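Let's take a look at how the helices in this one sit against the rest of the fold. Have the model open while you read.

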Amino acid sequence: MSINKIIRDALLPLGVPVMYQVYTGTETTYITFFRYNERGALQADDTEQMTRYSVQVDVWGKGDIEALTESVKDQLQAIGFVRNSFFEDYEKDTKIYHKAYRFYYDK
């Protein structure tokens, strides 16, 4: 199963659109994600046995997205993602709240 499918399957039950990289729909609350690094995490006999995927998951919304943001963290940690960092922003020009987690996942 691809890392993108793992993320989508984990986050779709949250009830908002979940898209890889770009969301082009009309909902005002949604989640996007992308990989920003991928490397070997375990080598044996000159063969990669495990891959480490580093991903960023962004939560976007025009209202209160705090509970959704916590649910994203909880859902991904429940299936083995490890959180690296978090930041938040408010984009004045679009009036959108933006919260982003960075995780890694070994598979």
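## Two helices and their buried sides

Thr 69 is buried, at a relative accessible area of 1%. Bear in mind that this is a predicted model. Thr 69 belongs to helix 2, and, leaving aside residues up to four places away in sequence, it touches Val 59, Phe 86, Lys 99 and Tyr 101.

Thr 69 has company: the buried residues of helix 2 are Leu 68, Thr 69, Val 72, Lys 73 and Leu 76. They end up on the same side of helix 2 because they cover an arc of only 145° around the axis. Turn to the face pointing away from that buried side, and you'll find the exposed residues Ala 67 and Ala 78.

As for the helix itself, helix 2 runs over residues 66-78, 13 in number, and spans 18 Å from first C-alpha to last, close to the 18 Å expected at 1.5 Å a residue. Just past helix 2, Gly 80 adopts a positive phi of about 110°.

Now for helix 1. Its buried residues include Ile 3, Asn 4, Ile 6, Ile 7, Ala 10 and Leu 11. These cover an arc of only 165° around the axis, so they too lie on one and the same side of helix 1.

What covers those buried sides? Here are the elements included for each helix:

| Helix | Cover of its buried residues includes |
|---|---|
| Helix 2 | helix 1 (3-11), strand 2 (30-44), strand 3 (47-61), strand 4 (82-91), strand 5 (96-106) |
| Helix 1 | strand 1 (18-20), strand 2, strand 3, helix 2, strand 5 |

So helix 1 helps cover the buried residues of helix 2, and helix 2 helps cover those of helix 1.

Terms used: Residues are numbered from 1 along each chain as its sequence is written. This is a predicted model: local features need pLDDT of at least 70, side-chain atom pairs count only at pLDDT 80 or more; totals for chains, interfaces and linings use all residues. Side-chain values use heavy atoms; hydrogens and water are left out. Helices (H or I, at least four residues) and strands (E, at least two) are DSSP runs, numbered from the N terminus. The expected span of a helix is 1.5 Å times one less than its number of residues. Buried means under 20% relative accessible area, exposed over 50%, partly exposed in between (1.4 Å probe, protein chains only). The arc is that of the directions from the helix axis to the C-beta atoms. Contact means heavy atoms within 4.5 Å.
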